[in-house]
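Here is a friendly note to read beside the model. Please keep the viewer open and find each residue as it comes up.

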Amino acid sequence: MKNIIKHTIRLIYKNLEAIIWTGGLIYLASINPYADGHMQLCGFRAIGIDNCPGCGVGKSISMVFHGDVMHSIESHPLGIIALILIVYRIIKVLYGNYKVSQIPLEVYNG
């Protein structure tokens with residue numbers, strides 16, 4: 001049982017980047033991109049700058065998830081490209097770690 005827990009922790013650690021990116025995309029899919037009241041961790045907004053390029057990309061990705069492609073492009077033209085790159089990175093990290101992280105039989109036997 002201890003070996004399975006160790007292996008699970010190792011899998012989470014190796015896939016931490018993919019987990020964080022996936023969590024960010026889930027967050028962007030779940031927020032309302034048209035509302036101003038969602039959580040923002042933007043340093044530019046904290047000092048009073050309203051037009052942050054990073055916030056525009058996040059809002060653009062959120063609009064894609066809500067099916068509003070035209071407003072997504074208007075919000076930030078690189079939002080769709082950023083979404084494609086993030087999904088590609090998640091797949092690459094998971095696929096790269098999949099070959100390495102096969103559970104050995106001795107984990108189940110011992």
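The numbered points below go from the overall fold to single residues.

1. Please keep in mind that this is a predicted model. The protein has seven helices and zero strands. Reading from the N terminus, the order of elements is α-α-α-α-α-α-α.

2. Next, the chain as a whole. Of the 110 residues in the protein, 25% are buried. The exposed area is about 7900 Å², and carbon and sulfur atoms supply 68% of it. Among contacts with a separation of 6 or more, 59% join residues that are 24 or more positions apart.

3. Which residues make up the largest nonpolar core? There are eleven: Ala-18, Leu-25, Leu-28, Ile-31, Val-57, Ile-61, Ala-82, Leu-83, Ile-86, Ile-90 and Val-93. Helices H2, H4 and H6 each give two or more residues to this core, and H6 gives the most, with five. As general background, nonpolar side chains tend to be buried together in soluble globular proteins.

4. Take Ile-90, one of the core residues, as an example. If you leave out neighbours within four places in sequence, Ile-90 is in contact with Ala-18, Trp-21, Thr-22 and Leu-25. Two of these partners, Ala-18 and Leu-25, are also listed in the core.

5. Helix H4 covers residues 53-65 and is a good place to practise a length check. With 13 residues at 1.5 Å a residue, the helix should span 18 Å, and its end C-alpha atoms are 19 Å apart, which agrees. (The expected span is 1.5 Å times one less than the number of residues.) After H4 comes Gly-67, whose phi is positive, near 85 degrees.

6. Which residues of H4 are buried? They are Gly-56, Val-57, Gly-58, Ser-60, Ile-61, Ser-62 and Met-63. When you look at such a list, it helps to know that an α-helix has 3.6 residues a turn, so residues three or four places apart point the same way.

7. Ser-62 sits in helix H4. Is Ser-62 buried or exposed? Its relative accessibility is 0%, so Ser-62 counts as buried, the cut-off for that being under 20%. Beyond its neighbours within four places in sequence, Ser-62 is in contact with Leu-28, Ile-31 and Pro-33. Leu-28 and Ile-31 are also among the residues of the largest nonpolar core.

8. His-76 is found in the loop between helix H5 (69-75) and H6. With a relative accessibility of 16%, His-76 also counts as buried. Setting aside residues up to four places away in sequence, His-76 touches Pro-53, Gly-56, Val-57 and Ser-60. You can also check the distance to Lys-59: the two residues are 17 apart along the chain, and their C-alpha atoms are separated by 8.0 Å.

9. How many salt bridges does a search of the whole structure find? The answer is one. In this salt bridge the side chains of Glu-17 and Arg-89 meet, at 2.8 Å from N to O. Glu-17 lies in helix H2 (residues 16-30) and Arg-89 in helix H6 (residues 79-100), so the pair ties together parts that are 72 residues apart in sequence. Glu-17 is partly exposed, with a relative accessible area of 32%, and Arg-89 is partly exposed, with a relative accessible area of 32%.

10. Finally, turn to the surface. Met-1, Ile-4, Ile-5 and Ile-9 form a nonpolar patch there, and together they have about 410 Å² of accessible area. Met-1 belongs to the segment before helix H1 (2-14). The relative accessible area of Met-1 is 67%, so Met-1 is exposed, the cut-off being over 50%.

Notes. Residues are numbered from 1 along each chain as its sequence is written. This is a predicted model: local features need pLDDT of at least 70, side-chain atom pairs count only at pLDDT 80 or more; totals for chains, interfaces and linings use all residues. Side-chain values use heavy atoms; hydrogens and water are left out. Helices (H or I, at least four residues) and strands (E, at least two) are DSSP runs, numbered from the N terminus. Buried means under 20% relative accessible area, exposed over 50%, partly exposed in between (1.4 Å probe, protein chains only). A salt bridge is a side-chain nitrogen of Lys or Arg within 4 Å of a carboxyl oxygen of Asp or Glu. Patches are made of residues with over 30% relative accessible area and no salt bridge: like charges are joined within 9 Å, nonpolar side chains (Val, Leu, Ile, Met, Phe, Trp, Tyr) within 5 Å. Accessible areas come from the Shrake-Rupley method with a 1.4 Å probe; for residues, only the protein chains shown count as cover. Contact means heavy atoms within 4.5 Å. A nonpolar core is a set of buried Ala, Val, Leu, Ile, Met, Phe, Trp, Tyr and Cys residues joined through side-chain atoms within 4.5 Å.
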